[in-house]
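Student: I have a model open and would like to test some of the labels people put on it. Could you take me through the reasoning?
Tutor: Happily; let us look at it together.

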Amino acid sequence: MKSIAVIDYGIGNLHSVAKALEHVCPDTRVYVTNDAAKIEASDRVLLPGVGAIRDCMAEIKRLGVAQIVADQMGKKPMLGICVGMQALMQRSSENGGVECLGQLPGEVSFFGEQHSVQEAHLKVPHMGWNQVQQQPHALWNGIEDNSRFYFVHSYYVRTQARDMVAATCHYGLDFDVALARENLFAVQFHPEKSHSAGLKLLQNFLQWDGS
Amino acid sequence: MGLAKRIIPCLDVNNGRVVKGVQFLDIRDAGDPVEVAKRYNEQGADEITFLDIGATHENRDTMVHTVEKMASEVFIPLTVGGGIRSCDDIRRMLNAGADKVGINSAAVFDPDLVQQAAGRFGAQCIVVAIDAKSVSAPGEQPRWEIFTHGGRKPTGIDAVEWATKMVAYGAGEILLTSMDQDGVKNGYDLGLTRAISDAVSVPVIASGGVGNLDHLVDGVIEGRADAVLAASIFHFNEYTIPEAKQYMASKGIEMRL
């Protein structure tokens, strides 16, 4: 039986993402865990995350998740979601500036500080269903370009490494909402809350060989 | 093209059943919450809100099970509110599968709860629910005050000031209900909705008073709401979610169709 480890570092609700994975692939075993051995033994890894980055990074470090993520890079398909994506970047400006895992090049910035967002009087958090512009990648199979996904975040990712960008979105400014590097795929939106498009992406991830 | 305005069907839940009253009286049964949520999900609702209107201890356990069941079957965002009094209550609902938790009366008695909860769980999952009533005489500058206990107890607190304060304390969204309009189907209180939406930096959900699809349009265009919440027009099949979305889109509002 195939298995996926949802890394549990004590922050937020992992029920929804676990249930969504079970829903799209009933024959995959879903472990919600921070046990390094279990994660090592799983076929795939999912790095979730909600809330403030400082708390997430503190728990990621305290529980040894940073090392687990580093060990799994290059080995098996890995999916980062929301703050899980942000944690993979180099640095976030949230909470006065937080060093992140640095697995992906790029920075995390606050929407509310951007002139274009302020001038348009856009609400922050960016909350709701926005259109996602895809770049070719196996995880978009069967999902129409410009499909809407559910977002809820106040900080956004932008990378100079444009070859890693698998999707962008617009909210006062263009930002990166999916990054791909080898076996790693990371998204800013919540596929587990994005109805059929989101469930399809999770299903694609569970079938992806990481190339 | 960009972020869509949201339609949120609201399920008032009591003893494990969806109910709907008029100004909190004259309660009618509208079905099993999970079944109703599934129907709205299939129709393309953007989110679901559950409000526990009984809010007793027995009800709370029933509610946790309902939330767990819904979160296993419906993959769109779920907000749960009603009787939330502590960080433990919030944790319990989030662990059961809620994405956001609404705090109403408890925020008035203990505003620090909002700050603590936002710090602990993230502002994105803390919705402050405000029940407001017009208190200005005709001809006066419009003014609204907040009420607690399902709109029964006045507090003397100005609604716009309160909303601003709650956002400063970490609320990630405001669910704004007009007690004057709730259940009477004459449309949202647009003055109130606009006053709050213009005053705060976070999204505002308009609630209370929807009787037809133009009310939803008005809530977004005149009230400047980011999301529109309605109950009875959907529960009793006066309109479907796709009809509502198509109509709003035809008026130039960006929707997820």
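**Reasoning from the interface inward**

Tutor: This is a predicted model, and between chain A and chain B the count is three salt bridges.

Student: What makes the pair Asp226(B) and Lys123(A) a salt bridge?

Tutor: Set the distance against the cut-off. The side chains meet at 3.4 Å, N to O, and the rule asks for a Lys or Arg side-chain nitrogen within 4 Å of a carboxyl oxygen of Asp or Glu. Lys123(A) brings the nitrogen and Asp226(B) the oxygen, so the pair qualifies.

Student: How many residue pairs are in polar contact across the interface of chain A and chain B?

Tutor: The rule finds 15 such pairs, both residues being at pLDDT 80 or more. Two or more residues on the side of chain A that touches chain B come from each of α1 (15–24), β8 (126–131), β10 (148–153) and α7 (195–207) of chain A. β8(A) gives the largest share, six residues. Sorted by class, that side has 11 nonpolar, 12 polar and six charged residues.

Student: How do you know how much of each chain takes part in the contact?

Tutor: Contact is counted for heavy atoms within 4.5 Å, and on that basis 29 residues of chain A touch 38 residues of chain B. The area buried between the two chains is about 2,600 Å², with carbon and sulfur atoms giving 55% of it. On the chain A side, Lys123(A), Met127(A) and Trp129(A) lose the most area to chain B, together 28% of what that side buries.

Student: Now inside the protein. What makes the space lined by Asn104(B) and Trp162(B) a cavity?

Tutor: A cavity is space where a 1.4 Å probe fits but cannot get out. The structure holds one cavity of 30 Å³ or more, and the largest cavity has about 30 Å³ of space. Its lining includes Asn104(B), Ala107(B), Ile146(B), Phe147(B) and Trp162(B). Strand β7(B) supplies the largest share of that lining, four residues.

Student: Which class is found most in the lining of the largest cavity, nonpolar or polar?

Tutor: Nonpolar: there are eight nonpolar residues, against one polar and one charged.

Student: Why is the pair Asp176(A) and Arg158(A) said to tie parts of chain A together?

Tutor: First, the pair is a salt bridge: the side chains meet at 3.7 Å, N to O, and the limit is 4 Å. Asp176(A) sits in strand β13 (residues 174–181) and Arg158(A) in strand β11 (residues 155–158), so the bridge joins parts that are 18 residues apart in sequence. Over all chains, a search of the whole structure finds 24 salt bridges.

Student: What is the form of the peptide bond from Val124(A) to Pro125(A), cis or trans?

Tutor: That bond is cis, its omega being near 10 degrees. Pro125(A) is in the loop between α6 (115–119) and β8 of chain A.

Student: And what makes the phi of Asn95(A) worth a mention?

Tutor: Most residues other than glycine have a negative phi. Asn95(A), which is not glycine, has a positive value near 55 degrees. Its place is in the loop between β5 (91–92) and β6 (98–99) of chain A.

Technical notes. Residues are numbered from 1 along each chain as its sequence is written. Chains are lettered from A and ligands numbered from 1 in the order in which they are written. This is a predicted model: local features need pLDDT of at least 70, side-chain atom pairs count only at pLDDT 80 or more; totals for chains, interfaces and linings use all residues. Side-chain values use heavy atoms; hydrogens and water are left out. Buried area is the accessible area (1.4 Å probe) that two parts lose on being put together, summed over both. A polar contact is a pair of N or O atoms within 3.5 Å; within protein, one must be able to donate a hydrogen and the other to accept it, and residues adjacent in sequence count only if both atoms are side-chain atoms. Ala, Val, Leu, Ile, Met, Phe, Trp, Tyr, Cys and Pro count as nonpolar, Asp, Glu, Lys and Arg as charged, and the others, Gly among them, as polar. On a 1 Å grid over the protein atoms alone, a cavity is a set of points where a 1.4 Å probe fits but cannot get out, and a pocket is an open set with protein on both sides within 12 Å along at least five of seven lines; lining residues have an atom within 4 Å of a point. Grid points are joined across faces, edges and corners, and a volume is the space filled by probe spheres set on the points.
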